[in-house]
Amino acid sequence: MLARVIAKGSKFATLHTSSRIIAANIRLSTRFNSTNRIDKLRMSGSAVEKDFQSLFEKIEELKPKFIDRLAKSIEIPAVSGDETLRPQVVKKAHYIAGELESLGFSDIQMKELGSQPPPVADSGLQLPPVILARYGTDPAKKTVLLYGHYDVQPASIEDGWNTDPFKLVLDEEKQIMYGRGVTDDSGPVKGWLNVVEAHRELGLDVPVNLIICFEGMEESGSIGLDKLIADEADKYFKTVDTVCISDNYWLGTKKPVLTYGLRGCNYYQVTIEGPGADLHSGIFGGSISEPMIDLVKVLGTLVDTKGNILIDGIKEMIAPVLETEAALYDKIDYSVDEFNAASGSKTSLYDNKKDILMHRWRYPSLSIHGVEGAFHGAGAKTVIPSKVIGKFSIRTVPNIESAKLDEYVIDHCNKEFAKLQSPNKFKAELIHDGDYWVSDPFNASFSAASKATKAVWGVEPDLTREGGSIPITLTFEQELKSNVLLLPMGRGDDGAHSINEKLDMSNYLGGMKTMAAYLHYYAASDEK
Ligand SMILES: C[C@H](N)C(=O)N[C@@H](Cc1c[nH]cn1)C(=O)O
Ligand SMILES: [Zn+2]
Ligand SMILES: [Zn+2]
């Protein structure tokens, strides 16, 4: 991944950006009201908006077809992190390519990225293809690159899902769809296809040229995509004016947002290997050095129970918090109650909105995700696992340098393991990384998305950052030298990566209307 460090002297730019964001959020903080948007648009009658009524009605009319399109997508368990499911990821890529073809997209290319590098995969495992496609090549029109991912996080009913995660289930009464990937990111990916279909059904011109870039490794660090983007910057992507990514979520459940920042993510594993095989704890317990005990000790030194990272050198790399930033958090429409509702608990480390948001957007965090090779599940197996692999990741923020972070983390793990004086074998390594991204949200693309949000939802969006990561965002910005906009479809309580992942029907339909309106406003704007 390309390194992102705010250069010395850019403090002014950061300060300037944050005061503009504060001003915008104050200006935009009117509450969402429920008047009929279509009637209002009909009355406003601007040239750009003249087709909105028919477009929005067409999207409503095609709802059954759009649900069906999403259902077919959810049924393919395209889990990029599970090697055994790689054929399913590839199958989903070909399925989407077929859909693009039938919707009139051209120059469809399945870009192969070679085999997956260690340490995760067995050698020779092919990475899933990146799907490239075009809709329109009119030199008189602007060109928008739409990025999304067709892979999903793992899911199984045993994790506590109420329904089969790989079947789309619609709660008719609540108008909510459930299934792995509905909000992250199959719903938004299908949303773009549906927007094109709505235009075609109406015989309406799509007002910009579209370039599709859908990948199948986002949930596993977008391995291989950086190089493809660099290689295609002057080829397939040559005409791109702006990049739009729909792969995050509103902050809360009521107010739409546009997003101008992401945390990065560096993912690590520590492998501890001891006995030649898993052993009986009654026979060997107490007289053999246990890898799992070593692992628990090492993992326990990474972070404390209040979320403080205990690795030397990281805190010093965090960009200082500016005084003006405080007002920014005050103006964001969010509450501790919404946070608790989204987590399904009252286990927050903080009791106020500002601290919660700052620890999501502004500070790094370290999470421990799991242990490969260890006994898990019900029952009381009395085994001593012979080899265990602990997995953890660090969400990064400005100005954490990725390579330095890796050095500090691996050095810390090695030192902590050495203190144990264990005879077991130990290795700490990076699995994948992706840098943080923060941009200035005052450009034609954000302005078009803001107008689109107002036209559909009746409220101007909050400008937010995102605690999650989309590793490729910074690469698009740097390699294509273009702005990137994050235009989320789902809500903050959708349960992405969790059990019972959902997408409210109003967000699916409203999200598509917003996407459609965004393309029209962007096409009509004077700037690029
Ligand atoms: C925000 C996006 N929808 C997402 O879920 N991204 C993942 C990307 C990732 C990085 N490493 C592994 N996966 C995330 O934030 O976890
Ligand atoms: Zn995603
Ligand atoms: Zn995700």
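UniProt positions are given in the numbering used here, feature names are shortened, and annotations may be inferred rather than shown by experiment. This is a predicted model: local features need pLDDT of at least 70, side-chain atom pairs count at pLDDT 80 or more, and totals for chains, interfaces and linings use all residues. Residues are numbered from 1 along each chain as its sequence is written, while chains are lettered from A and ligands numbered from 1 in the order in which they are written.

**Exercise 1. Find the annotated span and describe it.**

Solution.
- Start with the record. An unreviewed UniProt entry places "domain: Peptidase M20 dimerisation" on residues 269-418.
- Take the ends next. The end C-alpha atoms of residues 269-418 are 17 Å apart.
- Then take the content. The span is 35% helix and 18% strand. Helices (H or I, at least four residues) and strands (E, at least two) are DSSP runs, numbered from the N terminus.

**Exercise 2. Divide the chain into domains and examine their contact.**

Solution.
- Domain 1 is 12-262 + 437-524, and domain 2 is 264-318 + 363-434. These bounds come from an automatic or database domain assignment.
- The C-alpha centres of domain 1 and domain 2 lie 34 Å apart.
- Ten residues of domain 1 and eleven residues of domain 2 take part in the contact. Two residues are in contact if their C-beta atoms, placed from the backbone, lie within 7 Å.
- Sort the domain 1 side that touches domain 2 by class. Five of its residues are nonpolar, five are polar and none is charged. Ala, Val, Leu, Ile, Met, Phe, Trp, Tyr, Cys and Pro count as nonpolar, Asp, Glu, Lys and Arg as charged, and the others, Gly among them, as polar.

**Exercise 3. Locate ligand 1 and explain its position.**

Solution.
- Count the shell. Ligand 1 is surrounded by 15 residues, the closest being Asp 184, Asp 247, Cys 265, Gly 468 and Ser 469. A residue is near a molecule if its C-beta atom, placed from the backbone, lies within 6 Å of it.
- Name the elements. Helix α6 (182-202) and strand β9 (264-273) each give two or more residues to this shell.
- Sort by class. The shell has five nonpolar, five polar and five charged residues.
- Explain the place. Domain 1 and domain 2 both give residues to the shell, so ligand 1 lies between them.

**Exercise 4. Follow two residues of the annotated binding site.**

Solution.
- An unreviewed UniProt entry marks Asp 247, His 280, Thr 382, Arg 395, Ser 469 and His 497 as "binding site". They are spread over 251 residues of sequence, and in space over up to 46.4 Å between C-alpha atoms.
- Arg 395 is in strand β13 (residues 387-396). Arg 395 counts as buried because it has 22 C-beta neighbours inside 10 Å. A residue is buried if 20 or more other C-beta atoms lie within 10 Å of its own, exposed if 12 or fewer, and partly exposed in between; C-beta atoms are placed from the backbone.
- Ser 469 sits in the loop between β16 (462-466) and α15. Its 25 C-beta neighbours inside 10 Å make Ser 469 buried too.
- Compare contacts beyond four places in sequence. Those of Arg 395 include Arg 263, Gly 264, Cys 265 and Ser 469. Those of Ser 469 include Arg 263, Gly 264, Cys 265 and Arg 395.

**Exercise 5. Describe the largest nonpolar core.**

Solution.
- A nonpolar core is a set of buried Ala, Val, Leu, Ile, Met, Phe, Trp, Tyr and Cys residues joined through C-beta atoms within 7 Å.
- The largest has 123 residues; Ile 131, Leu 145, Ile 212, Val 243, Leu 258 and Tyr 518 touch the most other members.
- Helix α16 (residues 505-524) gives the largest share, ten residues. Each of domain 1 and domain 2 supplies at least three residues.
- Look at one member. Beyond four places in sequence, Ile 131 is in contact with Ala 93, Ile 96, Ala 97, Met 110, Ile 212 and Phe 214.

**Exercise 6. Is helix α15 mostly covered or mostly open?**

Solution.
- Helix α15 (residues 473-480) is mostly covered, with six of its eight residues buried.
- The buried ones are Thr 473, Leu 474, Thr 475, Phe 476, Glu 479 and Leu 480.
- Their cover includes β3 (143-149), α7 (225-232) and β17 (483-486).
- Lys 481 follows α15 and has a positive phi, near 50°.
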